Protein chains: 2
Amino acid sequence: MRALLARLSAMGDPVVEDPVAKELLRLRMSIDNMDAALVHLLAERFKITQQVGELKAAHGLPPADPAREAQQIERLRALAEDAKLDPEFAEKFLNFVVAEVVRHHEATMSKNASSAAKAYVSHQSGGNEHLSRP
Amino acid sequence: MRALLARLSAMGDPVVEDPVAKELLRLRMSIDNMDAALVHLLAERFKITQQVGELKAAHGLPPADPAREAQQIERLRALAEDAKLDPEFAEKFLNFVVAEVVRHHEATMSKNASSAAKAYVSHQSGGNEHLSRP
């Protein structure tokens with residue numbers, strides 16, 4: 001067990017000689033690159049869904065759209081199968097992201113409703129500041 | 001409300017004239033492109049974590065690694081802030097993905113333990129088939 005811990009702690013060193021630690025480090029560097037890409041893609045995705053939320057709020061459309069979500073799930077499951085990703089996980093992932101999006105849309109709508117009610121209040125508090133977040 | 005429903009249902013038509021429906025369709029096409037990219041990136045990420053899981057299982061390393069996860073969370077939160085993504089969401093996202101990865105690693109380890117115990121059983125049932133899934 002001490003050898004294993006040494007192996008893991010060696011990964012913090014600039015030169016890693018242990019072949020297992022070296023391989024683990026190599027794999028983790030790829031995971032880190034992919035995670036950076038995922039985070040940046042998610043940031044862009046939330047920019048788009050924020051635009052969707054503003055469009056829906058401006059036109060009184062409901063934040064959730066079950067028919068659209070069913071299409072997305074079906075499509076993502078098919079893409080996942082082609083990519084050898086567990087379709088169940090792809091569906092859970094979409095639900096996870098959509099839940100966050102709906103939360104944002106509802107916040108946008110309630111903020112808009114509250115803004116309409118308080119239209120006489122000055123805009124000194126920063127207006128749509130929270131909308132600049134995903 | 002009927003107008004809104006017509007607007008949404010118009011999105012299934014090849015030619016969309018309503019400007020709001022058109023804009024919503026444009027945004028949704030971008031979301032769909034990003035979701036395809038996300039699914040393919042996640043598929044690659046799970047291929048790598050599967051290799052990590054196999055490496056860990058082969059060398060008796062524990063599936064979870066709290067120190068590594070803390071580093072990942074710190075790094076992803078910083079990347080998220082730069083990308084204007086809610087750091088809380090980035091952390092939740094990582095936890096969501098890591099939970100799935102740990103589940104796979106534990107399955108790999110228990111499968112390996114079970115394989116060792118049943119080494120005399122013929123391999124006709126497909127061996128590591130479930131490992132080819134994420």
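In the predicted model, the crossing of helix α3 of chain A with helix α2 of chain B is right-handed. The two helices, which span residues 66–82 of chain A and residues 19–58 of chain B, have axes that come within 10 Å and cross at roughly 35°. On the side of α3(A), the contact is made by R68(A), Q72(A), R75(A), L76(A), L79(A) and A80(A), while α2(B) contributes R28(B), I31(B), D32(B), N33(B), D35(B), A36(B), V39(B) and H40(B). When the residues of this contact are divided by character, six are nonpolar, three are polar and five are charged.

Aromatic side chains provide a further set of contacts, and over all chains the structure holds six aromatic pairs. One of these is formed by F46(A) and F89(B), whose rings are arranged edge-to-face, with 4.8 Å from centre to centre and 80° between the planes. Because F46(A) belongs to helix α2 of chain A (residues 19–58) and F89(B) to helix α4 of chain B (residues 87–117), this pair joins two chains. With a relative accessibility of 1%, F46(A) falls under the 20% limit and therefore counts as buried. The partner ring, F89(B), likewise counts as buried, at 1% relative accessibility.

A second pair is formed by F89(A) and F46(B), and it too is edge-to-face, with 4.8 Å between the centres and 80° between the planes. Here F89(A) lies in helix α4 of chain A (residues 87–117) and F46(B) in helix α2 of chain B, so that this pair also joins two chains. Of these two residues, F89(A) is buried, its relative accessible area being 1%, and F46(B) counts as buried at 1% relative accessibility. Beyond the individual pairs, ring pairs link F46(A), F89(A) and F96(A) with F46(B), F89(B) and F96(B) into a cluster, and this cluster thus takes in the four phenylalanines described above together with F96(A) and F96(B).

Helix α2 of chain A, in which F46(A) lies, also contains the glycine G53(A). This residue has a relative accessibility of 2%, and because that value is under 20%, G53(A) counts as buried. In sequence, G53(A) and A64(A) are eleven residues apart, and in space the distance between them, taken from C-alpha to C-alpha, is 9.7 Å.

Technical notes: Residues are numbered from 1 along each chain as its sequence is written. Chains are lettered from A and ligands numbered from 1 in the order in which they are written. This is a predicted model: local features need pLDDT of at least 70, side-chain atom pairs count only at pLDDT 80 or more; totals for chains, interfaces and linings use all residues. Side-chain values use heavy atoms; hydrogens and water are left out. Axes are lines fitted to C-alpha atoms, for helices over the stretch in contact, and angles run from 0 to 180 degrees between N-to-C directions. Helices (H or I, at least four residues) and strands (E, at least two) are DSSP runs, numbered from the N terminus. A crossing is left-handed if the near helix is turned anticlockwise from the far one by less than a right angle, and right-handed if clockwise. Contact means heavy atoms within 4.5 Å. Ala, Val, Leu, Ile, Met, Phe, Trp, Tyr, Cys and Pro count as nonpolar, Asp, Glu, Lys and Arg as charged, and the others, Gly among them, as polar. Rings of Phe, Tyr and Trp (its six-membered ring) pair if their centres lie within 6.5 Å; planes under 30 degrees apart count as stacked, over 60 as edge-to-face and the rest as tilted. Buried means under 20% relative accessible area, exposed over 50%, partly exposed in between (1.4 Å probe, protein chains only).
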